Amino acid sequence: MFRPAFRDQLPAATQSNTVSSVLATGLLRSYGDSCLNGPGGLIDMTGLDRLIAFDRTTGRLVVEAGISLSDILKIVVPHGWFLPTTPGTRFVSIGGAVANDVHGKNHHRAGSIGCSVRALGLVTAGERRTIGPDAEAALFAATIGGLGLTGIIEWVDLQLVPVPSSRLDVEIIPYGSLDEFWAIASESVVSHEHTVAWIDCMSGGAHTGRGAFTRANWATDGVYEAHSDASWKAVPVEFPSIALNRLTVSAFNEVYFRAHQLQRRRQLQHYATYFYPLDAVSSWNRLYGRRGMLQYQCVIPPGGDRGVIRSLLDRIAKSGQASFLAVLKTFGERTSPGLLSFPRPGSTLALDFPNRGVETLALMRTLDAIVAEAGGALYPAKDGRMPAPMFRQSFPRWREVAACKDPRVNSDFWRRVSLDD
Ligand SMILES: Cc1cc2nc3c(=O)[nH]c(=O)nc-3n(C[C@H](O)[C@H](O)[C@H](O)COP(=O)(O)OP(=O)(O)OC[C@H]3O[C@@H](n4cnc5c(N)ncnc54)[C@H](O)[C@@H]3O)c2cc1C
């Protein structure tokens with residue numbers, strides 16, 4: 001692992017003969033093998049975390065690729081600006097966010113982060129280049145969501161969005177069935193900038209997909225307060241794997257669901273509370289014990305999505321393997337410039353499965369078959385096992401990315417799905 005301190009070290013780092021291939025990494029928050037490079041070397045970008053330029057009038061931000069979204073927010077929020085979109089944790093680097101073309105709760109309005117990237121510095125084939133929608137557009141399209149394969153993103157030029165507050169006006173709406181979810185979702189994408197539902201995936205039958213829908217717009221109080229990392233709670237030890245079983249998870253979901261039912265409400269929430277609930281618990285992954293967990297996130301295209309999401313949830317409920325809560329959200333129409341981008345019109349379901357070995361992998365293969373049949377796709381950032389044919393079918397432009405790949409770069413994910421060794 002090499003951790004550069006200065007950007008001008010990058011061209012030589014990618015050309016080093018001491019390793020067979022290299023891969024840039026950020027904060028390693030991807031769940032699968034897209035940020036691993038077993039036979040080669042890693043370039044840890046977190047030392048390149050400087051602010052290069054910030055125009056407080058226009059919201060144009062230029063930063064080194066290793067800076068975290070958390071540090072960006074601390075700089076820009078006090079001046080009334082916010083990220084155009086954000087994933088469910090602020091502990092990701094901006095380079096990693098671009099390489100996975102991350103999406104947030106406002107996908108139906110803002111699209112994915114690639115829609116707001118004005119330009120990138122890219123070190124590819126030993127050269128430093130500036131690329132953007134109008135400069136080497138094919139390489140830019142291959143780099144947005146390109147899983148780091150086209151080279152090392154050195155810096156990112158991003159358009160921020162103005163916000164009227166650092167808080168959101170959040171409405172939490174408990175609902176009892178998938179039909180109710182679809183009704184609330186279609187009304188909310190018109191009225192609200194941020195939408196998502198937490199669902200209880202232990203419930204089947206008439207209660208399939210029950211949960212709590214949250215929707216939010218920015219408050220208008222003109223108060224700007226960046227988050228602080230001071231109040232973290234930590235999971236002190238790895239839980240025994242037995243702690244997460246069908247009974248404990250069903251009991252948790254019952255309590256959670258009832259709590260939301262009782263507390264149907266509207267409230268002001270700081271952006272850190274609304275966007276990043278898991279960030280309040282450091283090492284939350286220890287809840288899954290030594291065997292860890294696998295995450296599954298799929299998108300199902302419009303048309304068949306309602307029936308397919310129901311089939312997936314019924315299958316998951318019957319298996320009794322799901323974890324506490326799953327997330328269900330509808331994506332909007334705005335397309336990303338990225339060739340390998342995961343977000344696309346339709347509905348996305350994301351959930352964790354405690355790792356029970358073959359039993360969990362067998363369930364995931366069953367889910368894969370349902371997703372593939374529906375013309376859906378799995379999110380590479382959350383994947384460590386999708387079969388190569390499924391990747392190629394659901395990311396049909398993968399060969400265009402392969403054509404732009406830096407020959408010195410490789411990853412475990414890419415070896416697996418492209419069968420490139
Ligand atoms: C709790 C949690 C919630 C999440 N919620 C969401 C969500 O709502 N939406 C969503 O889209 N994702 C979500 N994610 C996934 C996460 O946003 C992505 O995996 C993100 O890309 C991780 O960034 P990272 O800095 O950790 O990158 P890593 O995991 O270190 O790397 C990710 C990819 O980016 C590449 N990369 C990293 N830095 C560079 C660089 N400088 N140049 C070139 N390539 C680079 C790597 O090679 C790898 O392919 C979530 C993850 C967690 C843990």
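A disulfide is taken here as a pair of cysteine sulfur atoms within 2.5 Å. In this predicted model, a search of the whole structure under that criterion returns zero disulfides. For Cys-201, the closest cysteine sulfur belongs to Cys-298 and lies 12 Å away, so the two are too far apart for a bond. Cys-201 is buried, with a relative accessibility of 2%, and Cys-35, at 11% relative accessibility, likewise counts as buried.

Among the strands, five form an open sheet in the order E3-E4-E8-E6-E7, and their pairing is antiparallel. The edges of this sheet are occupied by strand E3 (51-55) and strand E7 (127-131), each of which pairs on one side only. On average, and with direction ignored, neighbouring strands of the sheet are turned by 10 degrees against each other. Strand E6, which comprises residues 117-124, runs antiparallel to E7 and is joined to that strand by five bridges; within E7, Ile-131 is the residue that stands opposite Leu-120.

Helix H6 covers residues 178-191, and its 14 residues, at 1.5 Å a residue, should span 20 Å, a value with which the 20 Å separation of its end C-alpha atoms agrees. The buried residues in H6 are Leu-178, Phe-181, Trp-182, Ile-184, Ala-185 and Ser-188. These buried residues pack against strand E10 (167-175), strand E11 (194-199), strand E12 (211-218), strand E17 (326-331) and strand E18 (346-354), as well as against helix H9 (305-319).

Note on methods:
Residues are numbered from 1 along each chain as its sequence is written. This is a predicted model: local features need pLDDT of at least 70, side-chain atom pairs count only at pLDDT 80 or more; totals for chains, interfaces and linings use all residues. Side-chain values use heavy atoms; hydrogens and water are left out. Two strands pair if DSSP finds at least two bridges between them. Helices (H or I, at least four residues) and strands (E, at least two) are DSSP runs, numbered from the N terminus. Axes are lines fitted to C-alpha atoms, for helices over the stretch in contact, and angles run from 0 to 180 degrees between N-to-C directions. Buried means under 20% relative accessible area, exposed over 50%, partly exposed in between (1.4 Å probe, protein chains only). The expected span of a helix is 1.5 Å times one less than its number of residues. Contact means heavy atoms within 4.5 Å.
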